[in-house]
Structures are given as C-alpha cells and as structure tokens.
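Subject: Structure handover and notes

Hello,

I am passing on the structure we spoke about, with notes to read beside it. Please open it first and keep it in view as you go through the rest.

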Amino acid sequence: AVEGLKWRPRNKMDRLPFGKTARASEEDFLRKYLALLVPRRCQNGIFAAKVHFEQLAKVLENPTGRNLLEGGVFVHLYRNDLLGQAVSTHFAKLTGRWSIDDTITTPPATNPNFFDFAAIDGLVQKLAEDDQGWRLFFARNGLTPLSFSYEEMCKDPFGFVVTIARRIGFEPAMLHRGYSESSDARPSE
C-alpha cells in the first residue's frame, strides 16, 4: 500500500523555500542517505527510524521515501498522557535539554516562562493532531502498525522488543541481549 500513499493535503510547513531545485536536492540527499543506510542494516536487513509526524510528510512524498518503507513494519509509539508530554516538550524547548541527562543540545531560552499555559495548551493540541495524523496515515494506506503507549513500553521494555521481534519473524529465544554490529558493515567510498 506504500507505493500509492494517501496523505493529508500539503501545507506551507511542507514546502521547501527554493522550489524544485531544493526538492531535487532533498531527494538526492535521501538517495545518498539510503545508500549508506541499507548496507548497515542489522540482522535480516532490519533497521529502525524514529520519525516525527512533521518529518514524515517531507520524507515520504517522493519515490525514495516510498521505496524505503515498502514492506516495512510500523511501530506507532504514542503517549497516553498528552499533558505530561506537552509539559516535557515545553521544558525541553526552554532549557535545551531533550534527554534524561543534563546535556544541552539546543539553545536554551534567555527568559524562559515555564508556566506559559497557552504554549503548553498549543503543544497538547499539536500532539493530539499529530497522533490523529499518524492514525489517518495508517488507516488510509491499509497499514496495521504495532501500537504501544510510551507508558506500556516503560513498564516492559523487553516485552516490547519481543512483540516487535515476533512481528518481523524472529523467535524471541533467538534475541541476543547486548547484540552489536561489527564495524566492517560500512560501504566503501
């Protein structure tokens, strides 16, 4: 069902500023990226990508993106607690800290307002719309994702991996904790 993707109408956020040239450049980048990615896939050609809703529109609306996802297994990870996710996102935007440690990866706000209720409410709305967009994407394309809440995954992370393994044809007994790839998987340049 991926070849003829049905999608939401494109909007200003999906447009690149420089028209056809930039779009061709973006597609060229994706082709080069996939040429590096595919040889580095792990056991049975498997790889995983974390894709946010706003990224998916740009990545899929070209032949390279559609080919990447053909025959893929989708894992839909969502949060039950949208308010908690919105507060966490708001805090990350203001502090520049997007992980569980204290590393600052984006510039922090100079005068942060941690109690900006309108901003938090806007994030709740956006997160709900993004989740709806994912669900519509799956339904319109006849895709049945493995859907898990973040909260479920945190309670049983290995069970989460076992479920995914079964879906892609691995027997859970064959899973190796601590598996790593050899360094010789890089393509020659």
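The notes below go through the core, the aromatic pairs, the salt bridges, one helix and one loop residue. Please keep in mind that the model is predicted.

The core

Which residues make up the largest nonpolar core? There are 7 of them: Phe53, Leu56, Phe74, Trp134, Phe137, Phe138 and Leu143. Two helices, α2 (53-60) and α5 (117-140), each supply at least two of these residues. The largest share is that of α5, with 3 residues. As a general point, nonpolar side chains in soluble globular proteins tend to be buried together.

One aromatic cluster is formed by Phe53, Phe74, Trp134, Phe137 and Phe138, and these five names also appear in the list for the core.

Aromatic pairs

The structure has 9 aromatic pairs. One of them joins Phe74 and Phe137 edge-to-face, with 6.1 Å from centre to centre and 70° between the planes. This pair connects distant parts of the chain, since Phe74 sits in the loop between α3 (63-69) and β1, Phe137 sits in helix α5, and 63 residues separate them. Are these two residues buried or exposed? Phe74 counts as buried because its relative accessibility is 12%. Phe137 has a relative accessibility of 2%, so Phe137 counts as buried too.

A further pair is that of Phe148 and Phe160. Their ring centres are 4.6 Å apart and their planes are at 70°, so this pair is edge-to-face. Here too distant parts of the chain are linked: Phe148 belongs to strand β2 and Phe160 to helix α7, 12 residues apart. Phe148 has a relative accessible area of 13%, and is therefore buried. For Phe160 the relative accessible area is 14%, so Phe160 is buried.

Helix α7

Phe160 leads on to its own helix. The buried residues of α7 (residues 157-167) are Gly159, Phe160, Val162 and Ala165. What covers them includes β1 (75-78), β2 (146-149) and α6 (150-155). After α7 comes Gly169, which has a positive phi, near 95°.

Salt bridges

How many salt bridges does a search of the whole structure find? The search gives 6. In one of them, Glu54 pairs with Lys126, and the closest N and O atoms are 3.1 Å apart. This salt bridge links distant parts of the chain, with Glu54 in helix α2, Lys126 in helix α5 and the two positions 72 residues apart. Glu54 has a relative accessible area of 39%, so Glu54 is partly exposed. Lys126 is partly exposed because its relative accessible area is 35%.

Lys126 also forms a salt bridge with Asp130, where the closest N and O atoms are 2.5 Å apart. Asp130 and Lys126 are 4 residues apart in helix α5, and therefore separated by about one helical turn. In general, an α-helix has 3.6 residues a turn, so residues three or four places apart point the same way. Asp130 is buried, because its relative accessible area is 15%.

Helix α5 holds a further salt bridge, between Asp131 and Arg135. The closest N and O atoms of Asp131 and Arg135 are 2.6 Å apart. Since they are 4 residues apart in the helix, about one helical turn separates Asp131 from Arg135. Arg135 has a relative accessible area of 39%, so Arg135 is partly exposed. Arg135 has another partner to look at: it lies over the face of Tyr78, at 5.1 Å from the ring centre.

Elsewhere, Asp28, Arg31 and Lys32 are linked in a network of salt bridges.

A loop residue

Ala48 lies in the loop between α1 (19-37) and α2. Is Ala48 buried or exposed? Its relative accessibility is 75%, so Ala48 counts as exposed. From Ala48 to Val75 the distance is 9.4 Å, C-alpha to C-alpha, while the two residues are 27 apart in sequence.

For a first look, you could begin with Phe74 and Phe137, which form an edge-to-face pair, and then turn to Lys126, which forms a salt bridge with Glu54 and another with Asp130.

Regards

Terms used. Residues are numbered from 1 along each chain as its sequence is written. This is a predicted model: local features need pLDDT of at least 70, side-chain atom pairs count only at pLDDT 80 or more; totals for chains, interfaces and linings use all residues. Side-chain values use heavy atoms; hydrogens and water are left out. A nonpolar core is a set of buried Ala, Val, Leu, Ile, Met, Phe, Trp, Tyr and Cys residues joined through side-chain atoms within 4.5 Å. Buried means under 20% relative accessible area, exposed over 50%, partly exposed in between (1.4 Å probe, protein chains only). Contact means heavy atoms within 4.5 Å. Rings of Phe, Tyr and Trp (its six-membered ring) pair if their centres lie within 6.5 Å; planes under 30 degrees apart count as stacked, over 60 as edge-to-face and the rest as tilted. A charge sits over a ring if NZ of Lys or CZ of Arg is within 6 Å of the ring centre and within 35 degrees of the ring normal. A salt bridge is a side-chain nitrogen of Lys or Arg within 4 Å of a carboxyl oxygen of Asp or Glu.
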